[in-house]
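Visitor: I'd like a close look at a single part of this structure, please. Could you take me through the metal site and whatever ties in around it?

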Amino acid sequence: MKITVLGTAAATSMPLTFCNCDVCKQSRILGGKNIRKRSSIVINDDLLIDMGPDSINACSMYGIDAGKIKYLLQTHSHSDHFDAGHFVTRWSDYATKNLEHLDIICSKGTAIDMNHAINENEAIDLFAKEWQDDLNYGLNIVKHGDKLEIGDYEIVAIDSKHDSRVEGLIYIVTYNGKSLLYGTDLLEISDEAWNIIKNYKLDVVFLDQTYGKGYNAGGHLDAEMIEVYVSKMKEEGIIDDNSLVYATHISHEGNDIHDKMEELSTNYGYHIAYDGIKLEI
Ligand SMILES: [Zn+2]
Ligand SMILES: [Zn+2]
Ligand SMILES: [Zn+2]
């Protein structure tokens, strides 16, 4: 399994658009790993998790051919994770040629919300057969606990508790005997979520670190919760010393510049993701 990290920011970006806090100011000066695009990853060359506003340009930056994406896993439909403007360019009116078939996997609530966003751009109905034919995609609605075999992937959907209106999900993706948990945007790993996750030996884990320790303003994990979850995963044999654990979806709230965050997180057995990492497991 190959993984390319396309983006690692919460909200609009890191540094945050108009912010002049110390972390944002330092990030602008230092550049490099401190400049974060909105969170998404690509698995192999064909499975995109979250078609956010930055995801397609990030593909071009990091050597991923977006024209070869065959599977789109949407965690949810918030605007930092789904940009309808990218999706509607599949319409024949945009003169797109030779579209790969795209299988979209998401919850019902997210599909409904994505459809609203799509309708603000074009009169395309995500659920209608004629549009599915024209834009060459299929819609696979999943809910917590569902397991789906698609292509060479096995995908398991888990409730993120992040936003019940859009029924946000996190996913375990298994390919060629290797398993990855993509866990953003995540309020908590609930008991029902543990019941699923504990059946896996995870090779790679991404977890939501929107906030630093003591700064949790809701909706997401923070550094302290990741520390607890990493040690619980180790205790339960879900991860081991060879597993790669990364924090992603980083905001400026209680977090720091990349190198300082990485120094701290390694004490607790995980790393801080940055844009453009390529992993091969
Ligand atoms: Zn988000
Ligand atoms: Zn700031
Ligand atoms: Zn969100």
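Guide: Let's start with the word donor: here it covers N, O and S atoms within 2.8 Å of the metal (3.2 Å for Na, K and Ca), and water is not among the atoms, so sites may look incomplete. This is a predicted model, with local features needing pLDDT of at least 70 and side-chain atom pairs counting only at pLDDT 80 or more, while totals for chains, interfaces and linings use all residues. Residues are numbered from 1 along each chain as its sequence is written, chains are lettered from A and ligands numbered from 1 in the order in which they are written, and side-chain values use heavy atoms, leaving out hydrogens and water.

Take the zinc ion (ligand 1) to begin with. Asp-80 (OD), His-81 (NE2), Asp-185 (OD) and His-249 (NE2) coordinate this ion, at 2.1 to 2.2 Å. Along the chain, these donors follow the spacing D-H-x103-D-x63-H. The angles among the four donor atoms run from 90 to 162°, and the site of ligand 1 comes out as irregular. As for that label, four donors count as tetrahedral if all angles lie between 85 and 135 degrees; four count as square planar and six as octahedral if opposite donors are over 155 degrees apart and all others between 65 and 115; anything else is irregular.

His-81 sits in the loop between β4 (71-73) and α3 (84-88), and Asp-185 in the loop between β10 and α6, so this pair ties together parts that are 104 residues apart in sequence. (Helices are DSSP runs of H or I, at least four residues, and strands are runs of E, at least two, numbered from the N terminus.) Both His-81 and Asp-185 are buried, where buried means under 20% relative accessible area, exposed over 50% and partly exposed in between, using a 1.4 Å probe and protein chains only.

Now for the neighbouring metal. The zinc ion (ligand 3) is 3.5 Å from the zinc ion (ligand 1), and Asp-185 coordinates both. Around ligand 3 the protein donors are His-76 (NE2), His-78 (ND1), His-162 (NE2) and Asp-185 (OD), lying 2.2 to 2.6 Å from the ion. Their sequence spacing reads H-x1-H-x83-H-x22-D. This site is irregular too, with angles of 91 to 170° among its four donor atoms. His-162 lies in the loop between β8 (153-159) and β9 (169-175), and Asp-185 in the loop between β10 (178-183) and α6 (191-197), so the two tie together parts that are 23 residues apart in sequence. His-162 is buried, just like Asp-185.

The β8-β9 loop is worth following a little further. Lys-161 is in that loop and Glu-192 in helix α6, 31 residues apart, so their pairing links distant parts of the chain. The two form a salt bridge, with the closest N and O atoms 3.1 Å apart; the term means a side-chain nitrogen of Lys or Arg within 4 Å of a carboxyl oxygen of Asp or Glu. Lys-161 also forms a salt bridge with Asp-159, at 3.6 Å between the closest N and O atoms. That puts Asp-159, Lys-161 and Glu-192 in a network of salt bridges. In contrast to buried His-162, Lys-161 is partly exposed at 29% relative accessible area, as are Asp-159 at 23% and Glu-192 at 37%.
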